[in-house]
Every structure is written in C-alpha cells, then in structure tokens.
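This report introduces a protein model to a reader who has not met it before. Please keep the sequence and the structure in view while reading.

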Amino acid sequence: MARRQLTIDNDVAAELAGSGDSVLRRLEDRLDCDVFLRGNVITLDGPDDSVAEGQDLVEELVSLVEKGHGLEPETIASVSDATDSGLEPADMLGDAVWSHRGTNFAPRTVNQKRYIDSIRKHTVTFGIGPAGTGKTFLAVAMAVAALEGHDVNRIILTRPAVEAGERLGFLPGDLQAKVDPYLRPLFDALYDMLDPDRVNEYFERGIIEVAPLAFMRGRTLNDAFVILDEAQNTSPEQMKMFLTRLGFGSKMVVTGDVTQIDLPSNQRSGLVVVSEILSAVRDVEFIRFGGADVVRHELVQRIVAAYDSFSGRQRERRDAADD
C-alpha cells in the first residue's frame, strides 16, 4: 500500500472539486485507490500501482487546466485513454474542429480523434459504432467547418427513410413535412453549430441540403461534404449507388451502427457488405467505435456495454448449438 500527497494550484483544486466532487468521484472510480482533496492538497491512498497511475493522471489533469481546459467527470476517462494510447490529452481535447458561441466541438475519445483525423486525410470515411459515440455529430461539425472555411461549396446530409419504405407517399403533407421525422437528428446537429438564421439561409439557397437517400440517385456531387447517416439501413445496392455519387472536390462520411439494423431479416445491410468490399481500397478508411466511446450520459455507456455482453453470450450459444 502507498500514500502520496500532491500540492496543486487553487484553480486546479477548484476544477477537481467540480460540482459536488463529481470529478473527484469519477477519478476515484477510475483508479483502484482512495482520493481525497483538502484545500489544494490531493491525497492518493491505495495499492502502489494504482497510486502511481493516479499521480500520472492527476499531473495530466493539472496540465490540462493550466492550458485553459475545464474539467468534467467525462474528462477523466478521456485523459486516461489518451495517455494509454500514447496521445497527449491536451492535443486530443484541444483539437476543436468547430466553435460556436463559446462552445468548442472537439474529440473526447481516442477513436473520435482518429475519426476526425481520418476525415481530414481521406476522401471517404466510415464511422461504425453504437449510438452516442459522436459519429454523426462530429461529421456534421467537420462539414460545417469545411463549408465555412470554403473547402467545399455545399453540405449534403442524407439518411435512408426505412420506416417509410423510402417511398414516403403514404405520409400527409409536402416533402419537407414527410422527411422531417427521419432527418431531424441532422437538423438538430446543424442548429447546434450555426445560428438558426444562417442555417435557414443556407437551406433556402441550397447550400445545405437534407434529403432521403432515394433522392441521391442519378446525381454527381461535386465540391460537397456529403454525410450518409444510419447507413446500416441501406441495402448493398443503395450503398453502391450512394458511394458512386462522389464527385470532384468532395468528401463523404458514412455513419451507422450494425447492431441496429431495421431491414427485413433476409436483407443484408449495405454497411456490413461495404466493409468486406472496400476495406483495402486506397483513400477509404473505416473507424470503429465501441462502448468506451459513448459520450452521452454515463448510464448509456453501461447500457451499451450490457447489450454488447448479451449479444456476445447469444453468439456463443448459437455457435455451441451449431457444433
């Protein structure tokens, strides 16, 4: 057993205390040791390895605060994962792809950092993983940054409207009213990153377009940042159709969760098939997210992990039955 006491600046102590000691409690949960804060002295008490790990983690947190970063409970996992992967936490958390009204949109996990780096480097990037991992949100942030930086002339956001059979004819109202329920998450992300008047202006001028996947057929998309969301609900034919819309000066990002496929049971997902076909193609990159990348409520992360564990046990039972 070991005990170490570290003296930190008052500003760092205030950030660590957080709201109701929430940051300290998350730090304690992450480490296998007790953590106490008295004034500006933090005490680590527990097994030697855990205390040594805790000291390294606290020093990284101190460095973050000194560089102007605030601390939240989620920051603990971000810093720990970054250091485990050989990344500088400040470089990862400070890599803001877009800023709006004082909010910086930056990666919070190692895989999110890899994701935005891939989008910068490659023409086509696939982001595959569970809900809450920031796949769509970060892609939209990258699209907005590219548009405002004049790297592209327009943004095109699309989803397969599976629930409406891609026909949408049975729904009342005009086209916009029909597609809104299926594309609302994309609208929400845009309004988080731009003023409403600017978003509306871009829609009116055709600079931002949000449409069902079926409306992409027959087009060539030049000088555009194109995002296909919920791609697990495409057929292989639809996925091929979408990818071959790529034009000059454009980027494509395809996001989806292969555990949430809403297609008929006899229909293969285009997102599953495309990873088998394009995994070795140059300028195409696949980034896979896991439960550790979930940046929503902590409980969501535990729910995703529980479902992953359940699915694993189900597969093992099926494999055993087949044998």
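## Strand 7 and its neighbours

T158 has A211 in strand 8 as its bridge partner. The model in which this pairing is found is a predicted one. Strand 7 and strand 8 are joined by 5 bridges in the parallel sense.

Strand 7 also runs parallel to strand 9, again with 5 bridges between the two. Here I155 is matched with F225 of strand 9. Strand 7 is mostly covered, with 5 of its 6 residues buried.

## The parallel sheet

These pairings belong to an open sheet of 6 strands, arranged in the order 8-7-9-10-6-11 with parallel pairing. Strand 8 (208-212) and strand 11 (284-288) are the edge strands, each of which pairs on one side only. On average, neighbouring strands of the sheet are turned by 15° against each other, direction ignored. In general, the strands of a sheet pair through backbone hydrogen bonds, either parallel or antiparallel.

Elsewhere in the order, strand 6 (residues 124-128) pairs with strand 10 (residues 251-256) over 5 bridges, in the parallel sense. Within this pairing, F126 stands opposite V254 of strand 10. Helix 10 (residues 236-243) packs on the sheet and touches strand 6, strand 7 (154-159), strand 9 (224-228) and strand 10. The direction of helix 10 makes about 155° with that of strand 10.

## A hairpin with alternating side chains

Strand 2 (residues 34-38) shows an alternation of side chains. V35 and L37 point to one face and are buried, whereas D34, F36 and R38 point to the other face and are not buried.

Strand 2 runs antiparallel to strand 3 (residues 41-46), and 5 bridges join the two. D34 stands opposite D45 of strand 3. The hairpin formed by strand 2 and strand 3 has 2 residues between the strands, and G39 takes a positive phi near 65° in this hairpin.

## Two packed helices

The relation of two packed helices is described by the angle between their axes and the distance between the axes. Helix 3 (residues 48-66) and helix 4 (residues 73-84) pack at an angle of about 110°, and their axes are 10 Å apart. Helix 3 is therefore roughly perpendicular to helix 4, because angles of 65 to 115 degrees count as roughly perpendicular.

Helix 3 contributes L57, E60, L61 and L64 to the contact, and helix 4 contributes T75, I76, V79, S80 and T83. The residues of this contact divide into 5 nonpolar, 3 polar and 1 charged.

## An aromatic pair

How many aromatic pairs does the model contain? The count comes to 4. In one of them, the rings of Y115 and F289 have centres 5.2 Å apart and planes at 80°, so the pair is edge-to-face.

Y115 lies in helix 6 (residues 110-121), while F289 lies in the loop between strand 11 and helix 12 (298-322), so the pair ties together parts that are 174 residues apart in sequence. Both Y115 and F289 are buried.

## The chain as a whole

The secondary structure of the chain amounts to 12 helices and 11 strands. The C-alpha atoms fill a box of roughly 65 × 60 × 40 Å, taken along the principal axes. Of the 323 residues in the chain, 46% are buried. Among the contacts in the chain with a separation of 6 or more, 66% are between residues 24 or more positions apart.

Conventions:
Residues are numbered from 1 along each chain as its sequence is written. This is a predicted model: local features need pLDDT of at least 70, side-chain atom pairs count only at pLDDT 80 or more; totals for chains, interfaces and linings use all residues. Side-chain values use heavy atoms; hydrogens and water are left out. Two strands pair if DSSP finds at least two bridges between them. Helices (H or I, at least four residues) and strands (E, at least two) are DSSP runs, numbered from the N terminus. Axes are lines fitted to C-alpha atoms, for helices over the stretch in contact, and angles run from 0 to 180 degrees between N-to-C directions. Contact means heavy atoms within 4.5 Å. Angles under 35 degrees count as roughly parallel, over 145 as roughly antiparallel, 65 to 115 as roughly perpendicular and the rest as oblique. Ala, Val, Leu, Ile, Met, Phe, Trp, Tyr, Cys and Pro count as nonpolar, Asp, Glu, Lys and Arg as charged, and the others, Gly among them, as polar. Rings of Phe, Tyr and Trp (its six-membered ring) pair if their centres lie within 6.5 Å; planes under 30 degrees apart count as stacked, over 60 as edge-to-face and the rest as tilted. Buried means under 20% relative accessible area, exposed over 50%, partly exposed in between (1.4 Å probe, protein chains only).
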